[in-house]
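Welcome! Open the model, keep the sequence beside it, and try each task before you read its solution.

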Amino acid sequence: MQKILNSKVKVVIAAIFLYMFLTLPNAFAQINLNKIKDKAKDKTKELLDKKPEKKTKPEKIEEGTKNQPKEEKNTPNKEEETSTEKGKATLKKFTGYTGEIPPPAVIDDYGRKVGQILFSKKPIKTENPDKTAITNVFTAGDEVYGMAYLLDTRNNLDMDTKGVKVNIREIPRENKPFGDTYSEYQWFFGYETEKFIVDKEGKNTGERKYKDLDIFVSADNALDANYPYEFLKMLLQHAEVPAYRKYVNKVFTFQVNVTNHYGEKLAEGYFTYDLTSGYEALQKMYATLNKKAIANVKLESKRNDPALASKIKQVMIGHNVNVQKVYFSTADWGMIRHQVSGAVLRRSIWAYIVYKNEKGECYYDDVQFTEEFVGNAFNGIVKKAGYGTANGQIDCNNVK
């Protein structure tokens, strides 16, 4: 019996110790938390009872004293005032230029300084230009000459290797009547190779800080007929489509950019051109450029093969083409092989096909022709395979 009582006592004592082990840490933690709260209340009361220090008025310091240097006013110079307009200064219509030559730089859309392009109804002379003829307002039939004033020499602006590129686009460009291909009235013209030479005055042309541009110019007056020819060609093609005529029959604002072969903008300028009337004058201007352009186109055959040329001619006649002449643009056949086995499948050759249209004008296309390899030999049947990128108009008198 005594043993049973001793066992119960031990169980009770163990239970008491277990209870104390579990509850005492929480009790001590609550005591510490209460102490922290009391200290926080005392600190808050101390801060509230403390009076703020009286602030003293700072001593007035006059400008220009040795204690404080006089503040410099950020007044832009004449060039900066023009530059901060981001080209808008050139958008303001004017007839007769009153500014400096060369004109100040402007800031492009990316915040970079670039040269400015001025326009005139007659060529702008590099020395003593006629400022009264410099304008940015033109009507249909007016010739438009440009002069890009560069911020450095042509040589230093990398205009010597692959040349320069002229981009003309309409602004604003909210209308996109021609889809993705001809949207935004934007035309990029190919690079023109710059050939720096020593001129008659003994000066290297690479040291010049200007670039002549022809925008709307007849063939007789053009320094470089390529740019006005391509520009008018695209513009008039749009105007000849009745559904698109309304988009061309208006007053355009054109932006002209000049870049080097790295795509770096070198100069920009703006002018307006009224196409609400006088459309026929542009057509006449384009006709002179077109005649000069096609007169310089001449084709030469790289292969003397009358029999093959006759086969090719018959193939194109079968496609309803009024063939006038076949010129081989490649000298030899090229082999087309299986990608895995390397076995010969067919051979191909390219040729310029000169043909006449309904108006009696001559054009040419670069066309690929093939012959299948059957058994151990080519079967001799020539087929049209596709068209290349080389094409254009040619003077019929040059087709011999």
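Below are five exercises on this predicted model, each with a worked solution.

**Exercise 1. The chain as a whole**

Task: Find how many helices and strands the chain has, and what share of its residues count as buried.

Solution:
- Step 1. Start with the secondary structure: the chain has seven helices and 15 strands.
- Step 2. Now turn to burial. Of the 400 residues of the chain, 35% count as buried.
- Step 3. Finish with the contacts between residues at least 6 apart in sequence: 62% of these join residues at least 24 apart.

**Exercise 2. A charged residue inside**

Task: Describe the surroundings of Asp 365, and work out why Asp 365 has no salt bridge.

Solution:
- Step 1. Locate the residue: Asp 365 belongs to strand E13, which covers residues 362-374.
- Step 2. Look for a partner of opposite charge. Asp 365 is buried, and the nearest such side chain, that of Lys 384, is 9.5 Å away.
- Step 3. Apply the cut-off: a salt bridge needs the charged atoms within 4 Å, so at 9.5 Å Lys 384 does not form one with Asp 365.
- Step 4. Check for a polar partner instead. The side chains of Asp 365 and Tyr 355 make a polar contact at 3.4 Å.
- Step 5. Widen the view, leaving aside neighbours within four places in sequence. Asp 365 is then in contact with several residues, among them Ala 351, Ile 353, Tyr 387 and Asn 391.

**Exercise 3. The largest pocket**

Task: Find the volume of the largest pocket, and say which element gives the largest share of its lining.

Solution:
- Step 1. Take the volume: about 760 Å³.
- Step 2. Look at the lining of the largest pocket, which is made up of 28 residues; Tyr 229, Lys 233, Tyr 286, Asn 290 and Gln 393 lie nearest the centre.
- Step 3. Sort the lining by element. Helix H4 (226-239), helix H6 (279-295), strand E13 and strand E15 (383-394) each give two or more residues.
- Step 4. Pick out the largest share: it comes from H6, with eight residues.

**Exercise 4. The largest cavity**

Task: Count the cavities of 30 Å³ or more, then describe the lining of the largest cavity.

Solution:
- Step 1. The structure holds one cavity of 30 Å³ or more.
- Step 2. The volume of the largest cavity is about 50 Å³.
- Step 3. Ten residues line the largest cavity, and those nearest its centre are Phe 94, Ile 117, Leu 118, Asn 136 and Tyr 270.
- Step 4. E2 gives the most to this lining, with four residues.

**Exercise 5. Backbone surprises in loops**

Task: Examine the backbone at Pro 102, Asn 128 and Asn 320.

Solution:
- Step 1. Recall what to expect: most residues other than glycine have a negative phi, and most peptide bonds are trans.
- Step 2. Inspect the bond from Ile 101 to Pro 102. This peptide bond is cis, with omega near 0°, and Pro 102 sits in the loop between helix H3 (88-91) and strand E1 (106-107).
- Step 3. Move to Asn 128, in the loop between strand E2 (113-120) and strand E3 (137-139). Phi of Asn 128 is positive, near 50°, and at 72% relative accessibility the residue counts as exposed.
- Step 4. Go on to Asn 320, in the loop between helix H7 (306-317) and strand E10 (323-328). Asn 320 also has a positive phi, about 65°, and counts as exposed at 75% relative accessibility.
- Step 5. Link two places in the chain. Glu 127, in the loop between E2 and E3, has its C-alpha atom 9.2 Å from that of Ile 101, although the two residues are 26 apart along the chain.

Notes:
Residues are numbered from 1 along each chain as its sequence is written. This is a predicted model: local features need pLDDT of at least 70, side-chain atom pairs count only at pLDDT 80 or more; totals for chains, interfaces and linings use all residues. Side-chain values use heavy atoms; hydrogens and water are left out. Buried means under 20% relative accessible area, exposed over 50%, partly exposed in between (1.4 Å probe, protein chains only). Lys and Arg count as positive and Asp and Glu as negative; His and the chain ends are not counted. A polar contact is a pair of N or O atoms within 3.5 Å; within protein, one must be able to donate a hydrogen and the other to accept it, and residues adjacent in sequence count only if both atoms are side-chain atoms. Contact means heavy atoms within 4.5 Å. On a 1 Å grid over the protein atoms alone, a cavity is a set of points where a 1.4 Å probe fits but cannot get out, and a pocket is an open set with protein on both sides within 12 Å along at least five of seven lines; lining residues have an atom within 4 Å of a point. Grid points are joined across faces, edges and corners, and a volume is the space filled by probe spheres set on the points.
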